[in-house]
Amino acid sequence: MQKSSVIPPPQTKVIVLAGFLGAGKTTLLKRILSWEADLSDTVVIVNEFGAVGIDGSLLADAGSDVVELTSGCVCCSLQADLNQTLKKIRQQFNPGRIFIEATGVADPLAITEVFQDLELHQHMAMDKIITVLDADFWEMRECLGTLFFRQLRHADLILLNKIDTVDPGSVPLILKELHETAPGPQVIPTIQCGIDPESLGTVGRRKDFGLKPDRFFQMVTPAPGPDRRPDHSRSPAPGSAGTPPDDVAEEKSHYVAFSFSHSAPLNENCFKRFAENLPWELFRMKGPVRFHDRTVLVNYVGGKCGWADWSGAQETRLAFVGWKVDGKETIGKLENCIAP
């Protein structure tokens, strides 16, 4: 007699929001919660390093259950409280998703150690760590200590927030230096944590978190990265197949959006080089790309590029979003990949 297989219930996804005080974690959380009308399966844990919680009241109208942990930090003195809180939440609500907004002095990797508990490990899974970085803090980073760098290097996604408060010309350099200091995470520049649901959903959990928090900072050193700022030495090819120059949308925020479409196949090696050398300011590229033997769906977010099978129209149709990116130049480089 064949035994019937029992499908275990889905694990609760846990998302940790980290970052120094005032970086914009609560703003990000409110933005994420505003995307969905039904938050009945979402629980928010807010950690305030003090006797009185503030962020909990700011989230009172969010529509989800909010649990406050005060007078300590979830990565150290309140680690046991977080463990018990998570177990109670599972028993009482069994939610599909939990957000943990950590205090500004929390080490996110230490928070993940809570999930080594057998009971929690069976029922909950760390989905991603998002670190919000105030762009204005970058210049003083050497004064902020090792915790500042841990919050960056442990992240799956870094939002370089408040880029409207710094010199726009400094943003490309900050992005370059940030990628050299923390080469693993994806990075997206934002104003008021303005990330879209699709970009956030594309970010996956990294697999390189085997080190203990106290050893992690000592063992990870900044890796030299290529200078991926735009090359302004070459003009776009005449007769561009992309969006005409006047149609490149640019707002006062300096975000730009443009597109490229072509029915002829692209040279695959040339396109790979193009994608590998996109400037850090170009943080979104998505759409089908036609090669000689197949068409693939390309999804590029914050420096990471993923390819998937595509069965739709056999043509290249790419949409781009970036911060002060030269759309004409980007399209010109892409046109060089059109196969003769």
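The points below comment on selected local features of this predicted model.

1. Strand S5 and its surroundings. Strand S5 covers residues 124-134 and is mostly covered, since 9 of its 11 residues are buried. A reader new to the structure may wish to begin with this strand and then turn to its neighbours.

2. Pairing with S1. Strand S1, made of residues 12-18, runs parallel to S5, and 7 bridges join the two. Within this pairing, Val 14 has Met 126 of S5 as its bridge partner.

3. Pairing with S6. S5 also pairs with strand S6 (residues 157-161), again in the parallel sense, over 5 bridges. Here Thr 131 stands opposite Ile 158, a residue of S6.

4. The connection from S5 to S6. Helix H6, residues 146-153, belongs with S5 and S6 to a β-α-β unit, and this unit is right-handed. The parallel pairing of S5 and S6 noted above may be viewed together with this unit.

5. The loop between S7 and H8. Which residues in this loop deserve a second look? Gln 192 lies in the loop between strand S7 (186-189) and helix H8 (197-202), and Cys 193 is found in that loop as well. Phi of Gln 192 is near 55°, a positive value in a residue that is not glycine. For Cys 193, phi is likewise positive and near 55°, and this residue is not glycine either. Such values merit a remark because most residues other than glycine have a negative phi.

6. Exposure of these two residues. Are Gln 192 and Cys 193 buried or exposed? Gln 192 has a relative accessible area of 57%, so it counts as exposed, the cut-off being over 50%. Cys 193 has a relative accessible area of 0% and therefore counts as buried, for which the limit is under 20%.

7. Helix H11. Why is helix H11 described as largely enclosed by the rest of the structure? The reason is that 7 of the 9 residues in this helix (residues 327-335) are buried. The buried residues are Gly 327, Glu 329, Thr 330, Ile 331, Gly 332, Leu 334 and Glu 335.

8. Packing and start of H11. The buried residues of H11 pack against three elements, namely strand S9 (255-262), helix H10 (268-276) and strand S13 (316-323). At the start of H11, Asp 326 places a side-chain oxygen within 3.2 Å of the backbone nitrogen of Lys 328.

Technical notes:
Residues numbered from 1 in each chain as written. Predicted model: local features only at pLDDT ≥ 70, side-chain atom pairs only at ≥ 80, totals over all residues. Heavy atoms only, no water. Helix = DSSP H or I, 4+ residues; strand = E, 2+ residues; numbered from the N terminus. Buried < 20%, exposed > 50% of the residue type's maximum accessible area, 1.4 Å probe, protein only. Pairing = 2+ DSSP bridges. Right-handed = clockwise from strand over helix to strand, strands pointing away. Contact = heavy atoms within 4.5 Å. Polar contact = N/O pair within 3.5 Å; in protein donor to acceptor, adjacent residues only side chain to side chain.
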